Amino acid sequence: MNRHRLVRRALGGVAVWQVEPWLERGIVHGFSERGGGVSLHPFHGLNLGLHVGDDPAHVLENRRRLCQALGVLPEALVAGEQVHGADVAVVTAAHMGRGAQRAADALPGVDALITREAGPVLLGLFADCVPLLLVDPETPAVGLVHAGWRGTCQGIAARAVEAMARAFGTRPRSCEAVLGPSIGPCCYEVGPEVAERFAGWAESPVQAREGRLYLDLWAANRHLLEAAGVPAANIYTAAMCTRCHSDRFFSYRAAGGHTGRMAAVIGLMGPAGAHAQNWL
Ligand SMILES: [Zn+2]
């Protein structure tokens, strides 16, 4: 066990999972659950995705509740388009609000967002794919990664760390990473065409059990982070499977594809701590 324990906090009717030491350092962040929102079947609960066919008014109300729970303004959110690629956007205050009210103006073509500015709150949307949060406590800077099998295969976690090093001077060895609730190796059965894409990996994240193939996205992303220089001791995996716990989390696989999205968010507070507190 390392020190990055996740704690579940119920904040104003919305449950979020947070990283204890990051709370102490004033990093606004959390992984949401599916309970506590106003969306109806098949999105029932706290669906935060505007792109899945839900009533936008319901999604915006759900986002308002999540933001209120975290103490940030919905207008501060910045989302990427999430195209299952491996491109990274450097986010500044000028991007605040992109993808916050409409999916159409999310930052195009990116699955990872990084920033060193206080103000923008990075938002990613998930239902089985791995939400990965990054903290560089020295700069300080933060990052958010959407890692499904395609992004993982393209090394997106490592690309985000490299982008932080390039853009901010982040030292990977001081980075901390948390992998949030997502589909686990217990449930993530893949076909041979997906397994094949990981064939060249030194440690294969694909396991064969009873004639079936299972992909371990948690191990694969830990491996990518370590290869990018993040110490193993600084990487924490929540190890909560969304499909095993589809009562608590949205799971694309458990729902047969048509379901809501949970959020992962992360942002820096201003030097005076003004970022979150004054907005409550
Ligand atoms: Zn599972």
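Visitor: Hi! Let's start at the beginning of the chain: how do β1 and β2 pair, parallel or antiparallel?

Guide: Antiparallel: in this predicted model, strand β1 (residues 6–11) pairs with strand β2 (residues 14–19) over six bridges. Leu11 has Val14 in β2 as its bridge partner.

Visitor: And what does the turn of that hairpin look like, say at Gly12?

Guide: The hairpin of β1 and β2 has two residues between the strands, and Gly12 takes a positive phi near 60 degrees there.

Visitor: What about β2 and β3, how many bridges do they share?

Guide: Two bridges, again in the antiparallel sense. For Val16, the bridge partner in β3 is Ser32.

Visitor: Let me zoom out. How many helices and strands does the chain have?

Guide: The secondary structure comes to seven helices and 15 strands. The C-alpha trace spans about 55 × 45 × 35 Å along its principal axes.

Visitor: How does the radius of gyration sit with a compact globule?

Guide: It agrees: the protein chain has 17 Å, and a compact globule with 280 residues would have a radius of gyration near 19 Å. Of those 280 residues, 51% count as buried.

Visitor: What share of the contacts comes from residues 24 or more positions apart?

Guide: Such pairs account for 67% of the contacts with a separation of 6 or more.

Visitor: Now the inside. Which residues have the most contacts in the largest nonpolar core?

Guide: Leu122, Leu134, Ala157 and Ala160 do, in a core of 84 residues. As a general point, nonpolar side chains tend to be buried together in soluble globular proteins.

Visitor: What does Ala160 touch?

Guide: Leaving out residues up to four places away in sequence, Ala160 touches Val88, Ala112, Ile114, Leu134, Gly143 and Val145. Leu134 is also one of the core residues with the most contacts.

Visitor: Ala160 is in α4, I think. Which residues of α4 are buried?

Guide: Yes, Ala160 is among the buried residues of α4, together with Ile156, Ala157, Ala158, Arg159, Val161 and Met164.

Visitor: And what do they pack against?

Guide: They pack against four strands and two helices by name: β5 (88–90), β6 (112–115), β8 (130–136), β9 (141–147), α3 (149–153) and α6 (217–227).

Visitor: How far does α4 reach from its first C-alpha to its last?

Guide: α4 reaches 18 Å with 13 residues, close to the 18 Å expected at 1.5 Å a residue. Just after α4, Gly169 takes a positive phi of about 75 degrees.

Visitor: Let's look at Ala165. Where does it lie?

Guide: Ala165 lies in helix α4, which runs over residues 156–168.

Visitor: Why is Ala165 partly exposed?

Guide: Because Ala165 has 17 other C-beta atoms within 10 Å, and a residue needs 20 or more to be buried.

Visitor: So what is Ala165 in contact with, apart from its neighbours within four places in sequence?

Guide: Thr170 and Pro172. Asp136, 29 residues apart from Ala165 in sequence, is 9.7 Å apart from Ala165 in space, C-alpha to C-alpha.

Visitor: Switching to backbone oddities. Which peptide bond to Pro42 is cis, and where does Pro42 lie?

Guide: The bond from His41 to Pro42 is cis, with omega near 0 degrees. Pro42 lies in the loop between β3 (27–32) and α2 (56–70).

Visitor: What about Thr139 and Pro140, what joins them?

Guide: A cis peptide bond, with omega about -15 degrees. Pro140 lies in the loop between β8 and β9.

Visitor: What phi does Asp128 have?

Guide: A positive phi of about 115 degrees, although Asp128 is not a glycine. Asp128 sits in the loop between β7 (121–126) and β8.

Visitor: Is Asp128 buried or exposed?

Guide: Buried, because 27 other C-beta atoms lie within 10 Å of Asp128.

Visitor: And what about Ala239, what is its phi?

Guide: Positive, about 55 degrees, and Ala239 is not a glycine either. Ala239 lies in the loop between β14 (235–237) and β15 (262–268). With 13 C-beta neighbours inside 10 Å, Ala239 counts as partly exposed.

Visitor: Last thing: what is the mean pLDDT?

Guide: The mean pLDDT is 94, and 95% of the residues reach 70 or more.

Visitor: Where does pLDDT stay under 50?

Guide: Over residues 272–280, for which the model has 15 contacts beyond four places in sequence.

Key: Residues numbered from 1 in each chain as written. Predicted model: local features only at pLDDT ≥ 70, side-chain atom pairs only at ≥ 80, totals over all residues. Rg over C-alpha atoms; globule rule 2.2 N^0.38 Å. Buried ≥ 20, exposed ≤ 12 C-beta atoms within 10 Å, placed from the backbone. Contact = placed C-beta atoms within 7 Å. Core = buried A, V, L, I, M, F, W, Y, C linked by C-beta atoms within 7 Å. Expected span 1.5 Å × (residues − 1). pLDDT = per-residue confidence, 0-100. Pairing = 2+ DSSP bridges.
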